[in-house]
Amino acid sequence: MQTSPPLPDSDGALARLLAGNRRYIAMRQLHPRQTSEQRQTLLEGQNPIAAVLSCSDSRVPSELIFDQGLGDLFIVRTAGHAVNEVVLASVEFAVHVLKVPLVLVLGHAQCGAVSAAVSDKPLPGHMASLKTALRPAVDATMDHAGDPLDNAIRAHVRLTAEQLWAESAILGDAVAHERIKITPAYYDLNTGSVELL
Ligand SMILES: [Zn+2]
């Protein structure tokens with residue numbers, strides 16, 4: 001039976017995620033903690049090692065790309081990892097209640113949500129709010145050299161990480177007192193690698 005290792009600190013949690021990502025890139029996954037025994041163990045409660053705020057994109061599933069198992073990751077996903085009050089509340093829950101030491105903000109290459117924000121075309125319905133949420137990253141990178149979409153994606157990950165501690169007193173306080181780290185990262189759809197920004 002694979003039980004969960006002890007809860008790491010921020011750097012230890014990040015190291016575990018990056019080690020899992022290296023296994024995933026090499027297709028040498030351990031598929032840890034995915035047994036019925038683990039499911040039973042978790043009936044007593046969860047102690048995830050990290051919260052991950054990522055895009056809803058079907059090609060970016062955190063448990064797979066970090067080779068983690070049941071009870072390892074507390075995941076919040078929205079299109080373009082756009083933040084609203086419920087997203088802030090969800091990350092606060094992971095930090096304040098579950099005591100995760102790490103919040104990883106994970107953007108990715110070819111993000112459709114950021115692409116829509118870069119485009120001049122309006123979006124119908126509630127999707128218009130996505131453009132508003134992602135607009136700051138597009139504006140911040142408008143004059144930059146290189147690929148406008150990739151520039152905006154990387155800027156949006158960094159801005160989202162800042163937004164978490166700036167807009168949440170709970171998260172800001174946890175960062176200030178070094179109880180957590182909020183780390184921006186970028187996933188390459190082609191290689192499967194996660195790069196810290
Ligand atoms: Zn995306």
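The legends below describe close-up views of a predicted model. Local features are given where pLDDT is at least 70 and side-chain atom pairs count only at pLDDT 80 or more, whereas totals for chains, interfaces and linings use all residues. Residues are numbered from 1 along each chain as its sequence is written.

**View 1. The whole chain has 8 helices and 5 strands.** Helices (H or I, at least four residues) and strands (E, at least two) are DSSP runs, numbered from the N terminus. In that direction the elements follow the order α-α-β-α-β-α-β-α-α-α-α-β-β. The radius of gyration is 17 Å, close to the 16 Å that the globule rule gives for 197 residues, so the chain is as compact as a globular protein of that length. The radius is taken over C-alpha atoms, and the rule is 2.2 Å times the number of residues to the power 0.38. Along the principal axes, the C-alpha atoms fill a box of roughly 55 × 40 × 30 Å. Of the 197 residues, 40% count as buried. A residue is buried if 20 or more other C-beta atoms lie within 10 Å of its own, exposed if 12 or fewer, and partly exposed in between, with C-beta atoms placed from the backbone. Contacts are pairs of residues whose C-beta atoms, placed from the backbone, lie within 7 Å. Among contacts between residues at least 6 apart in sequence, 70% join residues at least 24 apart.

**View 2. The sheet is open and its 5 strands stand in the order β2-β1-β3-β4-β5.** The pairing is mixed, where two strands pair if DSSP finds at least two bridges between them. β2 (73–78) and β5 stand at the edges with a single partner strand each, so one side of each is left without a neighbour in the sheet. From one strand to the next the twist averages 25 degrees. Helix α7 lies across β1 (50–55), β3 and β4, and runs at about 160 degrees to β4. Axes are lines fitted to C-alpha atoms, for helices over the stretch in contact, and angles run from 0 to 180 degrees between N-to-C directions.

**View 3. Strand β4 (residues 181–187) is mostly covered, with 6 of its 7 residues buried.** Strand β3 (residues 102–108) pairs with β4 in the parallel sense over 7 bridges. Within this pairing, Leu106 stands opposite Ala185, and Val105 has Pro184 as its bridge partner. Strand β5 (residues 194–196) runs antiparallel to β4 and is joined to it by 3 bridges. Here Tyr186 of β4 faces Glu195 in β5. The two strands form a hairpin with 6 residues between them, and Gly192 in the turn has a positive phi of about 85 degrees.

**View 4. Val91, in helix α4 (residues 85–97), is shown with its surroundings in the nonpolar core.** Val91 counts as buried because it has 26 C-beta neighbours inside 10 Å. Leaving out residues up to four places away in sequence, Val91 touches Ala51, Leu53, Val76, Val103, Leu164 and Leu171. On the same basis, the contacts of Ala51 include Phe74, Val76, Val91 and Ala94. The largest nonpolar core has 51 residues, and Ala50, Ala51, Val91, Val100 and Val103 have the most contacts inside it. Helix α7 (residues 148–167) gives the most to this core, with 6 residues. Such a core is a set of buried Ala, Val, Leu, Ile, Met, Phe, Trp, Tyr and Cys residues joined through C-beta atoms within 7 Å.

**View 5. Helix α8 (residues 169–176) has Leu171, Ala174 and Val175 as its buried residues.** These cover an arc of only 100 degrees around the axis, which puts them on the same side of α8. The arc is that of the directions from the helix axis to the C-beta atoms. Ala169 and Ala176 are exposed on the other side of α8. The cover over the buried residues includes α4, α7 and β4. Just after α8, Glu178 takes a positive phi of about 55 degrees.

**View 6. Tyr24 lies in helix α1 (residues 10–25).** Tyr24 counts as partly exposed because it has 18 C-beta neighbours inside 10 Å. Not counting residues up to four places away in sequence, Tyr24 touches Gln29, Leu64, Ile65, Phe66, Asp67 and Gly192. Gly192 is in the turn of the β4–β5 hairpin. Tyr24 and Gln34 are 10 residues apart along the chain, and their C-alpha atoms are separated by 16 Å.

Definitions and conventions: Two residues are in contact if their C-beta atoms, placed from the backbone, lie within 7 Å.
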